[in-house]
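Please open the model in your viewer and keep the sequence panel beside it. The tour below moves from one selection to the next and says what is found at each stop.

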Amino acid sequence: MQEPFNAEPPRSALVSSYVTPVELFFKRNHGPIPVVDDIERYCVDICGLIETPTKLYMRDVRMLPKYNVTATLQCAGNRRTAMSKTREVRGVGWDVSAIGNAVWGGAKLADVLELIGIPKLTSSTRSGGKYIEFVSIDKCKEENGGPYKASIPLSQATNPEADVLLAYEMNGEPLNRDHGYPLRVIVPGVIGARSVKWLDSINIIAEECQGFFMQKDYKMFPPSVDWDNINWNTRKPQMDFPVQSVICSLEDVQPIKPGKVTISGYAVAGGDRGIERVDISINGGKTWMEATRFQKTGIPYIADHISSDKWAWVLFEIIVNIPHTTEIVVKAVDSAANVQPERVQDIWNLRGILNTSWHRVHVRVGHSNM
């Protein structure tokens with residue numbers, strides 16, 4: 001098998017359900033998938049700028065209150081292939097399905113940190129810790145054979161409302177190896193690269209993690225920067241994901257018969273922002289119609305309402321009449337009124353991340369017996 005192993009499902013299968021089945025959830029790895037066999041001896045070291053370094057065993061995690069958080073994870077490189085058609089970029093070539101929505105079960109990181117003497121809503125420890133670094137068992141060549149790692153601010157980690165989890169379940173089942181067994185971090189609303197799998201240690205540190213994937217990757221550069229003039233230190237590591245939407249019911253380019261066509265897909269915003277609107281155009285962006293939005297069956301979706309899952313994608317659907325060959329476009333608007341950029345050229349960057357430009361599919365209408 002190829003290592004690192006990366007895979008995404010077909011786009012049509014992706015939106016067949018609100019909660020993505022484990023077997024359809026995209027797989028993103030940076031090295032060979034580690035094996036953790038001895039679950040009794042498995043533990044996470046909590047160390048760094050704290051008074052009492054601790055070993056956290058699975059039984060300790062399971063003794064804390066268990067939370068289920070429905071959250072969408074999206075790789076920062078989702079839709080990279082389309083960006084590379086404008087100008088070549090470096091990275092795994094993803095179509096539109098490097099994303100999935102799951103119900104993650106586990107303990108809140110805020111509760112875990114409280115166990116070791118860091119109160120809720122803390123932004124700095126007494127000894128100057130301002131970030132939480134997650135270190136994986138996973139080893140990768142970018143770290144010269146060292147472990148994959150990433151960090152988030154301590155203020156986010158200690159905020160129960162941020163729903164950062166040490167997760168041991170996915171969709172009600174124990175995590176499988178692909179998705180981080182026995183324990184992983186889930187950081188909702190943030191690019192997938194920060195939700196570290198196969199957790200080995202948690203470090204309380206003064207500055208952001210200095211690992212490769214925080215400092216030399218997953219940063220957003222302007223289109224003018226190339227590999228000859230890049231200065232990684234001029235940009236912050238990417239955290240929140242911008243607003244995104246994708247048509248999944250149609251391939252690009254797709255032959256169809258004239259008449260009624262169902263257009264469906266997903267929309268998602270980073271942070272805890274909801275989806276205020278999904279606009280569909282069947283004439284390349286000249287005029288627009290609003291699609292219906294939904295999450296859970298039978299419950300109306302209202303952006304930023306208590307009844308809605310604030311960390312999860314929103315599915316959309318509209319039935320339209322397509323009489324002739326055309327370009328169908330989708331764009332979403334989040335609850336802060338952020339809207340997707342029209343052209344991929346305007347957000348092109350050398351690593352091909354955060355392609356949130358209008359998603360377009362071309363349909364070829366024919367009258368033959370297709």
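What follows is a list of stops, each with something to select and a description of what is there.

This is a predicted model, in which local features need pLDDT of at least 70 and side-chain atom pairs count only at pLDDT 80 or more, while totals for chains, interfaces and linings use all residues. Residues are numbered from 1 along each chain as its sequence is written, and side-chain values use heavy atoms, with hydrogens and water left out.

**Stop 1: the annotated span**

Begin by selecting residues 236-365, which an unreviewed UniProt entry lists as "domain: Moybdenum cofactor oxidoreductase dimerisation"; UniProt positions are given in the numbering used here, feature names are shortened, and annotations may be inferred rather than shown by experiment. The C-alpha atoms at the two ends of this span are 46 Å apart, and the span is 0% helix and 42% strand. Helices (H or I, at least four residues) and strands (E, at least two) are DSSP runs, numbered from the N terminus.

**Stop 2: the sheet of five strands**

Next, colour the open sheet whose five strands come in the order 12-19-18-14-15, with mixed pairing; two strands count as paired if DSSP finds at least two bridges between them. At the edges stand strand 12 (254-256) and strand 15 (289-290), each with a single partner strand, so one side of each has no neighbour in the sheet.

How many residues of strand 18 (residues 326-334) are buried? Nine of the nine are, so strand 18 is largely enclosed by the rest of the structure; buried means under 20% relative accessible area, exposed over 50%, and partly exposed in between, with a 1.4 Å probe and protein chains only. In a regular strand the side chains alternate between the two faces of the sheet. Here T326, I328, V330, A332 and D334 lie on one side of strand 18 and E327, V329, K331 and V333 on the other, and all of them are buried.

Now add the partners of strand 18. Strand 14 (residues 275-281) pairs with strand 18 in the antiparallel sense over six bridges, and S281 has V329 as its bridge partner there. Strand 19 (residues 359-365) also runs antiparallel to strand 18, joined by five bridges, with V363 standing opposite T326. Further along, two bridges join strand 14 to strand 15 in antiparallel fashion, and I280 stands opposite M289.

Before leaving this sheet, look at L354 in the loop between strand 18 and strand 19. L354 is not a glycine, yet has a positive phi of about 55 degrees, and at 4% relative accessibility L354 is buried.

**Stop 3: the sheet of four strands**

Select the open sheet of four strands in the order 11-13-17-16, which has antiparallel pairing. Its edge strands are strand 11 (244-247) and strand 16 (292-294), each of which pairs on one side only. Strand 16 is joined to strand 17 (residues 314-322) by three antiparallel bridges, and F294 stands opposite L315.

In strand 11, pick V246, which is buried at a relative accessible area of 0%. Beyond its neighbours within four places in sequence, V246 is in contact (heavy atoms within 4.5 Å) with residues including R79, V96, F316, V330 and H359.

**Stop 4: aromatic rings**

Turn on side chains and look for F25, F26, W94 and W104, which form one aromatic cluster. Rings of Phe, Tyr and Trp (its six-membered ring) pair if their centres lie within 6.5 Å; planes under 30 degrees apart count as stacked, over 60 as edge-to-face and the rest as tilted. The structure holds ten such aromatic pairs. The rings of F25 and F26 are stacked, because their centres lie 5.5 Å apart with planes at 20 degrees; F25 is buried at 3% relative accessibility, and F26 is buried at 7%. F212 and F213 form an edge-to-face pair, 5.1 Å centre to centre with 80 degrees between the planes; F212 is partly exposed at 26%, whereas F213 is buried at 1%.

**Stop 5: backbone details**

Finally, inspect the backbone at Y181 and P182, where the peptide bond is cis with omega near 5 degrees. A cis peptide bond also joins D252 and V253, with omega about 10 degrees, and V253 lies in the loop between strand 11 and strand 12.
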